[in-house]
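Thanks for asking me to look this over. My notes are set out below as numbered points, so you can follow along with the model open beside you.

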Amino acid sequence: MAMSRPSPTPPQEGEEGLSHDCKELLSSLPTTNGGRFTHLYQYEGFWYNQQFLLGIIACQRHFQAHDSDLLLATTPKSGTTWLKALAFAITNRARYPFPQHPLLTNNPHKLVPYLEMNLYYGNSTPDPERIRSLGLFSTHMPYTSLPQSIKDSNCKVVYLCRNPGDVFISFWHFSNNLKVPETQSPISLEDAFDLFCAGISMYGPFWDHVLGYWKESKERPEKVMFLKYEDLKREPVAPVKRLAEFLGCPFTPQEDREGMLHDILKLCSFENLSNLEVNKIGKTRHGNNDPYEVEHKHLFRRGEVGDSLNYLTTQMIERLDQIMEEKLQGYDLTFQVSV
Ligand code: PAP
């Protein structure tokens with residue numbers, strides 16, 4: 001996939017209202033055709049569409065983390081919706097009785113907004129009071145691009161990752177299902193896969209994203225907790241217990257006796273969330289002017305481990321396994337698509 005360098009980048013939609021330095025920055029970045037997202041920019045080593053990138057830059061410049069803030073970080077399609085539901089339910093369990101729980105009537109993304117894709121989306125300026133009232137945020141930003149105040153403060157970060165095959169297939173379905181301007185046609189599995197393997201995906205390269213958080217979780221385990229979707233699916237009790245401890249609100253012996261953790265797991269389960277009215281028929285846009293409308297039902301497709309094996313050929317699986325092996329060599333971290 002050819003990458004173009006700076007200048008003759010034509011102005012993109014929405015560039016009109018941007019400051020001079022933002023326009024200059026955009027025109028200095030490498031760009032590429034990202035398939036379904038036709039125009040991606042490479043910033044600090046990762047690929048983004050314009051609106052998400054502007055959100056990242058605005059967030060880097062303006063977001064001030066507090067020590068008590070909690071940040072949920074993921075690559076797209078790694079189980080973000082699930083992690084948001086779990087973290088929201090854990091940290092707010094004293095506030096809401098289960099029969100009237102906000103998760104029953106709100107999509108998890110509404111309760112735990114993304115920094116760069118909602119609050120600062122496309123260079124927006126969020127209301128500081130709204131920001132402070134939240135305290136629980138999410139992001140797809142790679143670790144190296146997080147606002148400095150997140151890295152410097154005692155703000156805690158939970159990172160959830162997932163097998164790249166399942167991430168790829170989940171994103172391929174999701175992006176082809178997005179309601180976009182008519183001109184953009186769906187991308188074939190093969191074309192999308194070649195791009196993914198070349199590191200060109202939204203917030204990709206996938207492996208660099210994962211490694212950034214992995215390294216930080218090793219160096220500062222009190223700061224970054226690293227979780228795998230597959231581990232949560234296999235046996236959620238122990239990891240969710242650890243998650244509650246990490247978030248600073250461990251389950252008490254009384255809660256253990258009363259089955260609080262199991263109630264939370266049930267509330268946040270794929271079966272429960274995917275059958276709620278709000279998630280069956282609800283829709284969201286990331287921000288004003290977002291051309292992509294997300295139908296909540298597409299955030300709940302199958303929720304299984306290994307679904308990519310139903311789509312990828314043996315050669316594709318071998319190729320991705322080999323890439324992951326090479327990229328993660330020397331780190332005590334493995335992902336195998338072919339499990
Ligand atoms: P996002 O990055 O756009 O927020 P994200 O929630 O990370 O999406 O990923 C969606 C995936 O998580 C879907 O996977 P699939 O395409 O392989 O099915 C979705 O089904 C899965 N998912 C959503 N909610 C849950 C849940 N409660 N438990 C398990 N998996 C879930």
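1. Helix 17 (residues 314–327) has 14 residues, which at 1.5 Å a residue should span 20 Å, and its end C-alpha atoms are indeed 20 Å apart. Here the expected span is 1.5 Å times one less than the number of residues. Helices (H or I, at least four residues) and strands (E, at least two) are DSSP runs, numbered from the N terminus. Please bear in mind that this is a predicted model, in which local features need pLDDT of at least 70 and side-chain atom pairs count only at pLDDT 80 or more, while totals for chains, interfaces and linings use all residues. Residues are numbered from 1 along each chain as its sequence is written, and side-chain values use heavy atoms, with hydrogens and water left out.

2. Which residues of helix 17 are buried? They are M316, I317, L320, D321, I323 and M324. They cover an arc of only 160° around the axis, which puts them on the same side of helix 17; the arc is that of the directions from the helix axis to the C-beta atoms. The face turned away from that buried side carries the exposed residues T314, Q315, E318, E325 and E326. Buried means under 20% relative accessible area, exposed over 50%, and partly exposed in between (1.4 Å probe, protein chains only).

3. Helix 2 (residues 50–62) is worth a look next. Its 13 residues reach 18 Å from the first C-alpha to the last, close to the 18 Å expected at 1.5 Å a residue. Helix 2 is mostly covered, with 10 of its 13 residues buried. Among them are F52, L53, L54, I56 and I57, along with Q50 and Q51.

4. Now to the strands. Strand 2 (residues 31–34) and strand 3 run antiparallel and are joined by 3 bridges; two strands pair if DSSP finds at least two bridges between them. T31 has Y41 in strand 3 as its bridge partner, and G34 stands opposite F37 in strand 3. This hairpin has 2 residues between the strands, and G35 takes a positive phi near 80° there. N33 is also found in strand 2 and counts as partly exposed at 38% relative accessibility. N33 lies 34 Å from F270, C-alpha to C-alpha, with their positions 237 residues apart in sequence.

5. Strand 3 also runs antiparallel to strand 4, with 3 bridges joining the two. Y43 stands opposite F46 in strand 4. The hairpin of strand 3 and strand 4 has 2 residues between the strands, and E44 takes a positive phi near 50° in it. E44 is not a glycine, and it is partly exposed, with a relative accessible area of 43%.

6. Strand 5 (residues 70–74) and strand 6 run parallel, joined by 4 bridges. A73 stands opposite T139 in strand 6. In a regular strand the side chains alternate between the two faces of the sheet. In strand 6 (residues 136–139), L136 and S138 point one way and F137 and T139 the other, and all are buried.

7. Please check the backbone in the loop between helix 9 and helix 10 (206–219), where P205 is found. Most residues other than glycine have a negative phi, and most peptide bonds are trans. The peptide bond from G204 to P205 is cis, with omega near 5°. Y203, found in the loop between helix 9 and helix 10, has a positive phi of about 70° although it is not a glycine. Is Y203 buried or exposed? Y203 is buried, with a relative accessible area of 1%.

8. Finally, the interior space. The structure holds 1 cavity of 30 Å³ or more. A cavity is a set of points on a 1 Å grid over the protein atoms alone where a 1.4 Å probe fits but cannot get out, and lining residues have an atom within 4 Å of a point. About 270 Å³ of space lies in the largest cavity, a volume being the space filled by probe spheres set on the points, which are joined across faces, edges and corners.

9. The lining of the largest cavity has 22 residues, with F171, F196, I200, S201 and M202 nearest its centre. Strand 3 (37–43), helix 8 (164–177) and helix 9 (189–197) each supply at least two lining residues, and helix 8 gives the largest share, 5 residues. By class, the lining has 15 nonpolar, 5 polar and 2 charged residues. Ala, Val, Leu, Ile, Met, Phe, Trp, Tyr, Cys and Pro count as nonpolar, Asp, Glu, Lys and Arg as charged, and the others, Gly among them, as polar.

Technical notes: On a 1 Å grid over the protein atoms alone, a cavity is a set of points where a 1.4 Å probe fits but cannot get out, and a pocket is an open set with protein on both sides within 12 Å along at least five of seven lines; lining residues have an atom within 4 Å of a point.
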